[in-house]
Amino acid sequence: QVQLVESGGGLVQPGGSLRLSCVASGTIFRADDMGWYRQAPEKERELVATITRGGNTDYTDSVKGRFTISRDNAKNTVYLQMNNLKLEDTDVYYCNSRILTTPYRSLEVWGQGTLVTVSS
């Protein structure tokens, strides 16, 4: 099976920075699109940023210019550098990826989530 494990969440003051990491492990032929989502209690999960295997990125408007998504294909790892954090960025952040376990079989996999709290 395949697992995504996030790390890097925590408590930060407004204006501060955090870097999230997400490592895919298990039976992996190739990791295709990878991304970060976030969800607050009683709200729907929303897309934060995505990155293709080739490095094309997309961001939700509220984080453009502040967050940067990147990946290391050799390590099956995706990162989210978050700068100038705001109170409204407080959420549980989830890693997501489309993983090919064989050339012909793919899975959508979610991590367990990591909490980011922005507070003074």
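## Strand 3 meets strand 8

In strand 8, M82 is the bridge partner of L18. That pair is a good way into this predicted model. The two strands involved, strand 3 (residues 18-26) and strand 8 (residues 77-82), run antiparallel and are joined by six bridges.

Both belong to an open sheet of four strands, ordered 1-3-8-7 with antiparallel pairing. At its edges sit strand 1 (2-7) and strand 7 (67-72), each of which pairs on one side only. Going from one strand to the next, the twist averages 15°. As a reminder, strands of a sheet pair through backbone hydrogen bonds, either parallel or antiparallel.

## Around strand 9

Now let's turn to strand 9. With strand 4, strand 9 pairs in the antiparallel sense over eight bridges, and here R30 has L100 of strand 9 as its bridge partner. Strand 11 also runs antiparallel to strand 9, with three bridges joining them; V92, for instance, is partnered by L115 in strand 11.

Strand 10 (residues 105-110) is another antiparallel partner of strand 9, paired over six bridges. A hairpin of two residues connects strand 9 to strand 10, and I99 stands opposite L107 in strand 10. Is strand 9 enclosed, and how many of its residues are buried? Nine of its 12 residues are buried, so strand 9 is largely enclosed by the rest of the structure.

## The disulfide

The count of disulfides comes to one. It joins C22 to C95, with an S to S distance of 2.1 Å. The link between C22 and C95 is left-handed, at -85° about the S-S bond. Because C22 lies in strand 3 and C95 in strand 9, the pair ties together parts that are 73 residues apart in sequence.

Are these two cysteines buried or exposed? C22 has a relative accessible area of 0% and is buried. C95 is buried too, at 0% relative accessibility.

## The nonpolar core

Finally, a look at the side chains inside. The largest nonpolar core has 27 residues, and W36, L80, M82 and Y93 have the most contacts inside it. M82 is thus a familiar name, as the bridge partner of L18.

Several strands contribute: strand 1, strand 3, strand 4 (30-39), strand 5 (46-51), strand 7, strand 8, strand 9 (91-102) and strand 11 (114-118) each supply at least two residues of this core. Which strand gives the largest share? That is strand 3, with four residues.

Methods: Residues numbered from 1 in each chain as written. Predicted model: local features only at pLDDT ≥ 70, side-chain atom pairs only at ≥ 80, totals over all residues. Heavy atoms only, no water. Pairing = 2+ DSSP bridges. Axes fitted to C-alpha atoms, helices over the stretch in contact; angles between N-to-C directions. Core = buried A, V, L, I, M, F, W, Y, C linked by side-chain atoms within 4.5 Å. Buried < 20%, exposed > 50% of the residue type's maximum accessible area, 1.4 Å probe, protein only. Disulfide = S-S within 2.5 Å.
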